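Trainee: I should like a close look at one part of this model, the metal site, followed by whatever else can be said of its surroundings in the fold. Please take the residues one by one where that helps.

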Amino acid sequence: MKHSFVSHLFCPKCNAHYNTEDKHQLCICGSPLLVAYDMESLALSFAPSQLRDREPSLWRYRELLPVIDQEHVVTLGEGFTPLLPTPSIGKDMHIPGLLMKDEGLLPTGSFKARGAAVGISKAKELGVQELAMPTNGNAGAAWALYAARAKIKSTVIMPVDAPLITRNECAISGSNLYLVNGLISDAGRIVADLVKSYGLYDASTLKEPYRIEGKKTMGLEIAEQLGWKLPDVILYPTGGGVGLIGIYKALKELQTLGWVQGQLPRLVAVQAEGCAPIVKAWENQEKASEFWPESKTVAFGINVPKALGDFLVLDAVYRTGGCAISINDEDLLREQQRVAELEGAFVCPEGAATFAAARKLRQSGWIGEDECVVVLNTGAGIKYPDTVNVKVPVLEPGERLTR
Ligand SMILES: Cc1ncc(COP(=O)(O)O)c(C=O)c1O
Ligand SMILES: [Zn+2]
C-alpha cells in the first residue's frame, strides 16, 4: 500500500527540480527547496472520509507528508492539538469567533515538534547520521530530542539568552550543545562553517526541505477541525516564517485537492517591534526583507533579524490579502496575562503577540466583528517562567489571612 505521494523537490525561485531520494539542502540558486506531491493521483485516491478512523497525530496526513517508508517515522505522539474557542478574551477584544490553536501541548512544549518529527523522520530515511543547526531555543530542543530518538547525532548552537529550559532540553538529550554570545544569525554562521568543513547535514531553518512539511500540518489540522471550512484570518508569530509558509502551502494543497472551497484565509505575520523586518518589508510592499540590526524582544522565538524564506512569507501574505504587524513587548506581556486570566491558558510570549495583534487589527477595523479568526499559540508559557512579573505576597508561618 502506497502511503506518501511525494514526487520531487522544486525551487520556488528558479523552478529547478531535485529528487527526494538524495540529500538536498538549498537550490543551486540559493533558494530554499519545497516538496511537491503527485496531486493528480492523490485527488483520485485520497478523500477526507479516510481520515475518520486514523490516529490523532500529524501522521494521519501521511499521504501529504514526505516519509515513504512508515518504518522511518520517528514519533513522540505529536499533532492534532486542540483548536479551542476563546470566547472570553474574544469578547474582550470584540471578536466573538476567536479560536486558539494551542501548540503548547505538543512534545517539547512547542510547535517545533512538528517540524522535528517530520524533518528527523525524513533524515533517517535519507541515512543521515549527524546533523547541525542554529536555533533560538525551541527548535533546537525539539530536534535534539527527536534526533536522540532516531539515533542521529546532533550539534546545536543557540544564543546565550535563549530560554534556559531549551538549553537543558538539548543538553539532556546528549546533543553537542554550544552557546553563542550573539544572535541566531551568529549561530547560523558558525553552523554553516561546521557543515562545510565536516559534511554534516544542515538542519538550519529552510536549508533542509522537510521541516516545513511538518509545520504544514497546522494548516491541515485547522481545516479539518473546522469541517473543511476555512477561517477568515489566521495570525502567526513570525520569526523564520516556516510555520506561515507551511500553513499557506497546506491550504493551497487542500485547494488543489478540492477539499476546501472559496477564498484562503488572510494570513497575518505577527512580529515584535524590536525585530520586525517582515513588517517593514510589507509596509514598503517589498518582495524581501532587510537585516534588522540590534534586534531584541522577550518573544525570543521571533527574534530573527533576517529570514532565509522572507520572500515566501511575504508572498503568502500578499497573495491572501493578509498583512504584517508588530507588537511591543509591554503589550504582548499584558496580553499574555489577560489570556491567562480570562481563558486559563498560559500561552508563550510569541503566542501572546498574536492575541495582541488580533486586538490591534480589530481596533483598526482590519478584522471584522463577525469574522472567524484563528491565533496560533506556538508554545507553552511554562517554558518561559521569567516573563512573568506578578508580585506574590509572602506569609510568615502562622500568619492569618483576612479578606
Ligand atoms: C514559540 C515560537 N513561536 C514562533 C516561532 C517562530 O517560528 P517560525 O520559524 O515558524 O517563524 C518560534 C521559533 O523559534 C518559536 O519558538
Ligand atoms: Zn533555484
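Mentor: Cysteine 14 has a relative accessibility of 42% and therefore counts as partly exposed. Cysteine 27, in contrast, is buried, because its relative accessibility is 4%, under the 20% cut-off. The model is a predicted one, and the values that follow are computed from it.

Both cysteines serve the zinc ion (ligand 2), whose coordinating atoms are the SG atoms of Cys11, Cys14, Cys27 and Cys29, at 2.3 Å. The angles among these four donor atoms run from 104 to 117°, and the site is tetrahedral. For four tetrahedral donors, the ideal angle at a metal is 109.5 degrees. Along the sequence, the donor residues of the zinc ion (ligand 2) follow the spacing C-x2-C-x12-C-x1-C. Cysteine 14 belongs to the loop between strand E1 (6-10) and strand E2 (17-18), while cysteine 27 belongs to the loop between E2 and strand E3 (34-37); the pair therefore ties together parts that are 13 residues apart in sequence.

Elsewhere in the chain, six strands make up an open sheet of mixed pairing, in the order E4-E5-E13-E10-E11-E12. Strand E4 (83-85) and strand E12 (323-327) are the edge strands, each pairing on one side only. From one strand to the next, the twist averages 25°. E4 and strand E5 (residues 98-102) run antiparallel and are joined by three bridges; leucine 83 has lysine 101, in E5, as its bridge partner.

Lysine 101 merits separate attention. This residue of strand E5 counts as buried, because its relative accessibility is 0%. A polar atom of the lysine 101 side chain lies 2.8 Å from the backbone oxygen of threonine 81. The side chain of lysine 101 also makes a polar contact, at 2.9 Å, with the side chain of glutamine 225.

The other ligand to consider is ligand 1, which has 16 residues around it; Lys112, Tyr236, Gly239, Gly241 and Thr378 come nearest. Two of the glycines named there offer polar backbone atoms: that of glycine 239 is 2.7 Å from an oxygen atom of ligand 1, and that of glycine 241 is 2.6 Å from an oxygen atom of ligand 1. For glycine 301, a backbone N or O atom is found 3.4 Å from an oxygen atom of ligand 1.

Key:
Residues numbered from 1 in each chain as written. Chains lettered and ligands numbered in written order. Predicted model: local features only at pLDDT ≥ 70, side-chain atom pairs only at ≥ 80, totals over all residues. Heavy atoms only, no water. Donors = N, O, S within 2.8 Å, 3.2 Å for Na, K, Ca; no water. Tetrahedral: all angles 85-135°; square planar, octahedral: opposite > 155°, others 65-115°. Helix = DSSP H or I, 4+ residues; strand = E, 2+ residues; numbered from the N terminus. Buried < 20%, exposed > 50% of the residue type's maximum accessible area, 1.4 Å probe, protein only. Pairing = 2+ DSSP bridges. Axes fitted to C-alpha atoms, helices over the stretch in contact; angles between N-to-C directions. Near = heavy atom within 4 Å. Polar contact = N/O pair within 3.5 Å; in protein donor to acceptor, adjacent residues only side chain to side chain.
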